[in-house]
Amino acid sequence: MDIDVASNDVQRSFRSCYVGVFHLEADAPRIWKFDPNNFPIVIIGANSDMNLAKLTTVLDREVTKRFEQINGVGSIDIWGGIDREVKVDIKRDRLIASGLTTTDVTTGYCS
């Protein structure tokens, strides 16, 4: 069975029901294609005496790179850990005085 054809059939069926019955009371239905091949076949946990920031860095920079080199590995995802975050406080008056926009700041920071 072609999943795209099946998805279109389901969307058509829902659309006819939705328009005739629910269009005033409910949001439009959302339909996702489901492919069991996209689910992980292996989940690995990590535990260490390292602090969480260092463990996250090791997993991200070293361990995932080794797994990605294995033939047949589709993707590696890391859940949990610590993600770096940068907070930028913009002083509106200084921004205006310099002739910059917040987009200019974002572009400059991300480049």
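**Notes on a predicted four-helix model**

1. Starting with confidence: among the elements of the protein, helix 1 (residues 3-22) has the lowest mean pLDDT, 74, and helix 2 the highest, 88. The pLDDT here is the predictor's confidence in each residue, on a scale from 0 to 100. Averaged over the protein, pLDDT comes to 79, and 84% of the residues score at least 70. This is a predicted model, so local features need pLDDT of at least 70 and side-chain atom pairs count only at pLDDT 80 or more, while totals for chains, interfaces and linings use all residues. Numbering runs from 1 along each chain as its sequence is written, and side-chain values use heavy atoms, with hydrogens and water left out.

2. On the overall fold, the protein has 4 helices and 0 strands, giving the pattern α-α-α-α along the sequence. Helices (H or I, at least four residues) and strands (E, at least two) are DSSP runs, numbered from the N terminus.

3. Burial is worth a look. Of the 111 residues, 6% count as buried; buried means under 20% relative accessible area, exposed over 50%, and partly exposed in between (1.4 Å probe, protein chains only). The protein exposes about 10400 Å², with carbon and sulfur atoms supplying 53% of that area. These areas come from the Shrake-Rupley method with a 1.4 Å probe, and for residues only the protein chains shown count as cover. As for contacts (heavy atoms within 4.5 Å), residues 24 or more positions apart account for 25% of those with a separation of 6 or more.

4. Now helix 2 itself. Its 17 residues (residues 52-68) should span 24 Å at 1.5 Å a residue, and the end C-alpha atoms are 22 Å apart, which agrees. The expected span is 1.5 Å times one less than the number of residues. You'll also find a kink of about 35° in helix 2, centred on Leu59; the bend at a residue is the angle between axes fitted to the seven residues ending there and the seven starting there.

5. What caps the N-terminal end of helix 2? That job goes to Asn51, with a side-chain oxygen 3.1 Å from the backbone nitrogen of Ala53. For reference, a polar contact is a pair of N or O atoms within 3.5 Å; within protein, one must be able to donate a hydrogen and the other to accept it, and residues adjacent in sequence count only if both atoms are side-chain atoms.

6. The buried residues of helix 2 are Leu55, Thr56, Val58 and Thr64. Take Thr64: it counts as buried because its relative accessibility is 7%. Leaving aside neighbours within four places in sequence, Thr64 is in contact with Leu59, Ile76 and Ile78, so the kink centre turns up again in that list.

7. Thr56, also in helix 2, has 11% relative accessibility and therefore counts as buried. Not counting residues up to four places away in sequence, Thr56 touches Gly81 and Ile82. The C-alpha atoms of Thr56 and Asp83 are separated by 8.0 Å, with their positions 27 residues apart along the chain.

8. Leu52 lies in helix 2 as well, but at 45% relative accessibility it counts as partly exposed. Its contacts, leaving aside neighbours within four places in sequence, are Gly81 and Ile82. For Leu52 and Ile82, 30 residues apart along the chain, the C-alpha atoms are separated by 6.7 Å.

9. Finally, a loop residue: Ile90 sits between helix 2 and helix 3 (92-98). With 41% relative accessibility, Ile90 counts as partly exposed. Not counting residues up to four places away in sequence, Ile90 touches Leu95, Thr102 and Val105. Ile90 and Val105 are 15 residues apart in sequence and 8.9 Å apart in space, C-alpha to C-alpha.
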